[in-house]
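Please look over the sequence and the model below before reading on. The text then goes through the model step by step.

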Amino acid sequence: GTVQVSQAGSTVELFRDVGGQQYSGRGVLNGSVMTVDWGASTPVIYVVVGNELHGTWDGGTALERLVPR
């Protein structure tokens, strides 16, 4: 899938398209840690590593890495 990230100050918005399904989330960037609410019971926590985002989902039970194209 693809993810678009936009930032205004410390506020971030993410738009995700996975298999034709679209999701959106809003969060905050604090230093190198981004916390995003996708509407689940726990937020997604990303860490900025260089130009990548490394994230944990579902209270840390799932991992992902977002890499720019």
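What follows describes the fold, the strand pairing, the salt bridges and a patch on the surface.

The model is predicted, not determined by experiment. In it the protein has 7 strands and 0 helices. Read from the N terminus, the order of elements is therefore simply β-β-β-β-β-β-β.

The overall dimensions come next. The C-alpha trace spans about 30 × 25 × 20 Å along its principal axes. The radius of gyration is 11 Å, which agrees with the value near 11 Å that a compact globule of 69 residues would have. Of those 69 residues, 23% count as buried. The protein exposes about 4,600 Å², and carbon and sulfur atoms supply 51% of that area. Among contacts between residues at least 6 apart in sequence, 9% join residues at least 24 apart.

The strand pairing can be followed along the chain. Strand 2, residues 11-18, pairs with strand 3, residues 21-30, in the antiparallel sense, and 8 bridges connect the two. One position to look at is D17, which stands opposite Q22 in strand 3. The two strands form a hairpin with 2 residues between them. In that turn G19 has a positive phi of about 60°.

Strand 3 also pairs with strand 4, again in the antiparallel sense, over 5 bridges. Here G27 has V36 of strand 4 as its bridge partner. Strand 3 and strand 4 form a hairpin too, with 2 residues between the strands. Its G31 takes a positive phi near 65°. Strand 3 thus pairs with strand 2 and with strand 4.

Further along the chain, strand 6 and strand 7 run antiparallel and are joined by 5 bridges. W57 stands opposite A62 in strand 7. This hairpin has 4 residues between its strands, and D58 in the turn has a positive phi of about 50°. The loop between strand 6 (52-57) and strand 7 (62-66) also holds T61. Is T61 buried or exposed? With a relative accessible area of 62%, T61 is exposed, because the cut-off for that class is over 50%. T61 and Q4 are 57 residues apart along the chain, and their C-alpha atoms are separated by 23 Å.

Side-chain contacts between charged groups add to this picture. How many salt bridges does the model contain? The count comes to 3 salt bridges. One of them is formed by E13 and R26, whose closest N and O atoms are 2.5 Å apart. E13 lies in strand 2 and R26 in strand 3, so this pair ties together parts that are 13 residues apart in sequence. These are strands that also pair through bridges in the antiparallel sense. E13 counts as partly exposed, at 26% relative accessibility, whereas R26 is exposed, with a relative accessible area of 51%.

Another salt bridge joins the side chains of E64 and R16, at 2.9 Å from N to O. E64 belongs to strand 7 and R16 to strand 2, so the pair ties together parts that are 48 residues apart in sequence. Both E64 and R16 are buried.

There is also a salt bridge between R65 and E52, with an N to O distance of 3.9 Å. R65 is in strand 7 and E52 in strand 6, so the parts tied together are 13 residues apart in sequence. Strand 6 and strand 7 are the partners in the hairpin that has D58 in its turn. R65 counts as exposed, at 53% relative accessibility.

The last feature is on the surface. Which residues make the nonpolar surface patch? V33, I45, V47 and V49 make the patch, which covers about 250 Å². Its largest share, 3 residues, comes from strand 5, residues 44-49. In a regular strand the side chains alternate between the two faces of the sheet. V33 has its place in strand 4, residues 33-37. V33 counts as partly exposed, because its relative accessibility is 34%. Strand 4, which holds V33, is also the strand that pairs with strand 3 over 5 bridges.

Notes. Residues are numbered from 1 along each chain as its sequence is written. This is a predicted model: local features need pLDDT of at least 70, side-chain atom pairs count only at pLDDT 80 or more; totals for chains, interfaces and linings use all residues. Side-chain values use heavy atoms; hydrogens and water are left out. Patches are made of residues with over 30% relative accessible area and no salt bridge: like charges are joined within 9 Å, nonpolar side chains (Val, Leu, Ile, Met, Phe, Trp, Tyr) within 5 Å. Accessible areas come from the Shrake-Rupley method with a 1.4 Å probe; for residues, only the protein chains shown count as cover. A salt bridge is a side-chain nitrogen of Lys or Arg within 4 Å of a carboxyl oxygen of Asp or Glu. Buried means under 20% relative accessible area, exposed over 50%, partly exposed in between (1.4 Å probe, protein chains only). The radius of gyration is taken over C-alpha atoms; the globule rule is 2.2 Å times the number of residues to the power 0.38. Contact means heavy atoms within 4.5 Å. Two strands pair if DSSP finds at least two bridges between them.
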